[in-house]
Amino acid sequence: MANELITKLNAKIEGAEQALKTARNEAEIEAVRVEILGRNGFIHSISAEMKNIPPQEKPEFGKAFNLAKNKIESLLVEAKENLKAGSAKKSEGLIDVTLPGRKWPLGTKHPISKVIDDCVAIFRRMGFIVAEGPEIETVYHNFDALNTPADHPSRDPQDTFYFGDGRLLRTQTSTVQIRYMEKNQPPVRIVSPGRCYRRDTPDATHSMNFHQIEGLYIDKNVSMADLKSTLLYFGKELMGSETQLRLRPHFFPFTEPSVECDFSCIMCGGKGCRVCKFSGWLEIAGAGMVNPNVLRNVGFNPEDWSGYAFGMGIERIAMIRYKINDIRLLYENDMRFLEQF
Ligand code: DAH
C-alpha cells in the first residue's frame, strides 16, 4: 500500500520538476504550485489517503511524503530564480538606440581670456606681435629702466609686493617693453598681455592681481598721429565703428608727452549713462610717446628712433563689455557666473 503511494508521489514530483524546467513565465510556475501544493492539490489528496495505510508502513510513507514536499518547495523557488536570471541575461548587451545621448558639458573661456584674445587679434591685424615677460621682476625692469624717479610713490612697499631678495611682482606690463628692447633691435611692434600685481585693498573695482595689455611701437619718425590712429582703430574694432577717441594730457614717467585715452561710451553712445558716470566717455588706456630716457636705457638712440606706447586694464574692458559690476566675480570661479560666457 505504502509502496504504491510512494511511487505515485515520486512520479508526480518528477513530472512537476520537468514542468518547472520548461516554465517560461511566472504563471506557468504558479500553475505547478497550485497543482501540487494548492488547497485541492496533489499533496492534499494524497495525505487524505494516509489513513488507509497500515500503521507499520506509516513511518516509511511519512518520510517519503516530507521529502517530496520539501523537494517541490525548493524546486519552485529555484524555478522562480532561474526565470529572473534568464530575463536579466536576455537584456544584457542590448542597447536602446532610441535613448537620447549623454551630454558632455563644454567649458567656456574665461571673460578675461576672451578680452585678451580679442585685443590681441585686433593688434595682430595691425602688424603687432605678442611678447611676454616674467611676473617676478627686478626693480630695474619695473621702475628704473622705465624712467621712474627714485621717490615715486608706486615704488613704496605699501603699493608693491617685494620679495626678500629685492625683486618684486610686476605692477605693470610696461616691464615687457624693456625686456623686449634689450633683446631686439628696432623697428619694434609688440603687444604684451599679462598679469600684474599691486598692493590694493580689494573692493568692487580693485584687485591685488589683475591684467593689462601693453603696446609698444618703435620706428623712424613715429608721431602722436600714429598713436592716435592706432588707438582709434583699436577702439572701433573692439567696441563698434561708431566709437570715438579722446586724448587728455596726463603724466607717466616712461612717456613724454603722456595722455589718457577715453573711448565714447558703448552703452549710451556718448549721451551719458551710469556706466560712463554720465560723462559719455570711458577711460580705457594710458599712452604716450616713449620717453627718450627709456630708449637710451635699452641702447636705442633717440635721435634715430621714436615710438609710442600704451597700456590698458583688461578687467575694466571686460567689466564694461559684460556689464560686470564687481571685479571680484572674475576671480571667484563660481561656475554659475562663468557659464554665462
Ligand atoms: N603702465 C601704466 C599703468 O599701469 C599704463 C601705461 C601708460 C602704459 C602709458 C604705457 C603707457 O605703455 O605709455 O598705469
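Two exercises on this predicted model follow, each with a worked solution.

**Exercise 1.** Describe the surroundings of the ligand, from the residues that come nearest to the area that the protein buries.

*Solution.* Begin with the shell: there are 15 residues around the ligand, and those that come nearest are Gln-172, Ser-174, Arg-198, Gln-212 and Glu-214. By kind, the shell divides into five nonpolar, eight polar and two charged residues.

Next, look at individual atom pairs. In the side chain of Ser-174, a polar atom lies 3.0 Å from a nitrogen atom of the ligand. For Arg-198, an N or O atom of the side chain is 2.8 Å from an oxygen atom of the ligand, and for Glu-214 a side-chain N or O atom is 2.5 Å from an oxygen atom of the ligand.

Then turn to the area, where the ligand taken alone exposes 350 Å², of which the protein buries 89%. Finally, the elements that each give two or more residues to this shell are strand E5 (209-219), strand E8 (281-290) and strand E9 (306-313).

**Exercise 2.** Work out how the buried residues of helix H5 are placed around its axis.

*Solution.* Start with the helix itself: H5 (residues 111-125) has 15 residues, and from its first C-alpha to its last it reaches 21 Å, close to the 21 Å expected at 1.5 Å a residue.

Now list the residues of H5 that are buried, namely Pro-111, Ile-112, Val-115, Ile-116, Cys-119, Val-120, Ile-122 and Phe-123. Because these residues cover an arc of only 165 degrees around the axis, they lie on the same side of H5.

As a last step, follow the chain onward: just after H5, Gly-127 takes a positive phi of about 95 degrees.

Notes:
Residues numbered from 1 in each chain as written. Predicted model: local features only at pLDDT ≥ 70, side-chain atom pairs only at ≥ 80, totals over all residues. Heavy atoms only, no water. Near = heavy atom within 4 Å. Polar contact = N/O pair within 3.5 Å; in protein donor to acceptor, adjacent residues only side chain to side chain. Areas by Shrake-Rupley, 256 points an atom, 1.4 Å probe, with all protein chains shown as cover. Helix = DSSP H or I, 4+ residues; strand = E, 2+ residues; numbered from the N terminus. Nonpolar A, V, L, I, M, F, W, Y, C, P; charged D, E, K, R; others polar. Expected span 1.5 Å × (residues − 1). Buried < 20%, exposed > 50% of the residue type's maximum accessible area, 1.4 Å probe, protein only. Arc of directions from axis to C-beta.
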